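Grab a pencil and have a go at these exercises on a protein chain. Try each task yourself before you read the worked solution.

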Amino acid sequence: MELFDVYPLFNITPVKAEGCYVWDDKGNKYLDLYGGHAVISVGHSHPHYIEKIEQQLESIGFYSNSVIIPQQKELAEKLGKMSGYDDYQLFLCNSGAEANENAIKLASFVTGRKKIVSFKNCFHGRTSAAVAVTDNPKIVAPVNQTENAVILPYENLDELQKALSTKEIAAVIIEGIQGIGGIHVPSSIFLNQVAALCKTHGTLLILDEIQSGYGRSGKFFAHQYSGITPDVITTAKGMGNGFPVGGVMIAPSIKPWYGMLGTTFGGNYLACAASIAVLDIMKNENLVENAAKVGQFLISRLNENEQIKEVRGKGLMIGIEFDFPIKEIRQQLLFEHKIFTGVSGTNIIRLLPSLTLSMEQAVYFMEKFEQVLSSNLVQTN
Ligand SMILES: Cc1ncc(COP(=O)(O)O)c(C=O)c1O
């Protein structure tokens, strides 16, 4: 059987990884500034992470959500404490899309309404409701198309006010920092107004922190720069450092009933062990603070470069926009300098490294990046 060919691939086969480095089958060592799409939070193959998963597997690997799984409680407690949302409730699932799907469903149950507002350039996943509110018609199949998805211009309060005053909107969903759309940080004023409008009109506010959460922005969640308190927060990616896990954090005012949400694999022992290990490592190694510090260094050094049109982001979630296509630059970084980076559209490079990225590694990246940029300057002159 052949693989269903939906991914354009680099001709690279990673076989080993450690910290911020990945090795391919030919022995080449790469500096990973992409983290497998913002997934690697505490570094590849961290010894504590491996130990926790191995130990768990040796005792019990799986049972369904019909029995007591103490690791779920431990995870909820640790996540509540570290994120500052001690009084929230946690529903565990398996991916980002599934977290948003459940958040949207929850908002619809709670409000009795059908419509969801999202914003231009957003990405919320590929399952039915999540993809319906995603601003990319190419990935919305006819079965996903619905008038219940209302995609509004970013940072436009008039349009939002108009939509919410219909009292038909169950939830507004917004990324803590827009990721796939090109690293756009919502202004604090906008987020505060969104939160206030939601409150006024009985609409729930869902913060999609799947890419921007778990310390990546230099705070536990990116929306915490604005001081707002969402009704629902969704997480995935960095939560399991590569183990598939997603979470929906739910305000105490929202009451569950048996059967309201459910999943076979969500909250399984191994996912919990991986996620607990991630939080332990984040705490012990002060990784949120490290993301803030190293990110600040990268952002200010990038801002000095005149070839760059704009640098956006916070912490270790950085978008570098050029006014020309960056394919060549990215390929040079990867194949000549052995550095993985991400992309958004044609002109934006995205940096989403592990939160363990050191200052030395950041300096190394900047030296190579500046070298590539100046060689491209010579070519274009
Ligand atoms: C902001 C955001 N939401 C949701 C998702 C979907 O997550 P998953 O691919 O785990 O379903 C992503 C994935 O890139 C994302 O960046």
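**Exercise 1. Find out how much of the contact list joins residues far apart in the sequence, and what that goes with in the overall build.**

Solution. Keep in mind that this is a predicted model.
- Step 1: Take the contacts in the chain with a separation of 6 or more; residues 24 or more positions apart account for 74% of them.
- Step 2: Count the elements: the chain has eleven helices and 15 strands.
- Step 3: Check the radius of gyration. It comes to 21 Å, close to the 21 Å that the globule rule gives for 381 residues, so the chain is as compact as a globular protein of that length.
- Step 4: Look at burial. A residue counts as buried if 20 or more other C-beta atoms lie within 10 Å of its own, and 47% of the 381 residues pass that test.

**Exercise 2. Work out the strand order of the seven-stranded sheet and name its edges.**

Solution.
- Step 1: Walk across the sheet, and you meet the strands in the order 4-10-9-8-7-5-6. The sheet is open, and its pairing is mixed.
- Step 2: Look for strands that pair on one side only: these are strand 4 (89-93) and strand 6 (149-152), the edge strands.
- Step 3: Going from one strand to the next, the twist averages 20 degrees.
- Step 4: Zoom in on strand 7 (residues 169-175) and strand 8 (residues 204-208). They run parallel, joined by five bridges, and alanine 171 has leucine 204 in strand 8 as its bridge partner.

**Exercise 3. Do the same for the four-stranded sheet.**

Solution.
- Step 1: The order is 1-2-3-13, again an open sheet with mixed pairing.
- Step 2: Strand 1 (14-18) and strand 13 (339-340) each have a single partner strand, so one side of each is left without a neighbour in the sheet.
- Step 3: Strand 1 runs antiparallel to strand 2 (residues 21-24), with four bridges between them. Here proline 14 stands opposite aspartate 24.

**Exercise 4. Describe the hairpin of strand 11 and strand 12.**

Solution.
- Step 1: Strand 11 (residues 310-314) and strand 12 (residues 317-321) run antiparallel and share five bridges.
- Step 2: Arginine 312 faces glycine 319 in strand 12.
- Step 3: Two residues lie between the strands, and glycine 315 takes a positive phi near 55 degrees.

**Exercise 5. Which residues surround the ligand, and what kinds are they?**

Solution.
- Step 1: The shell has 14 residues, with Gly96, Ala97, Gly125, Ile210 and Gln211 the closest.
- Step 2: Sort the shell: five are nonpolar, seven polar and two charged.
- Step 3: Helix 4 (residues 96-111) gives the most, with three residues.

Notes
Residues are numbered from 1 along each chain as its sequence is written. This is a predicted model: local features need pLDDT of at least 70, side-chain atom pairs count only at pLDDT 80 or more; totals for chains, interfaces and linings use all residues. A residue is near a molecule or strand if its C-beta atom, placed from the backbone, lies within 6 Å of it. Ala, Val, Leu, Ile, Met, Phe, Trp, Tyr, Cys and Pro count as nonpolar, Asp, Glu, Lys and Arg as charged, and the others, Gly among them, as polar. Two strands pair if DSSP finds at least two bridges between them. Axes are lines fitted to C-alpha atoms, for helices over the stretch in contact, and angles run from 0 to 180 degrees between N-to-C directions. The radius of gyration is taken over C-alpha atoms; the globule rule is 2.2 Å times the number of residues to the power 0.38. A residue is buried if 20 or more other C-beta atoms lie within 10 Å of its own, exposed if 12 or fewer, and partly exposed in between; C-beta atoms are placed from the backbone. Two residues are in contact if their C-beta atoms, placed from the backbone, lie within 7 Å.
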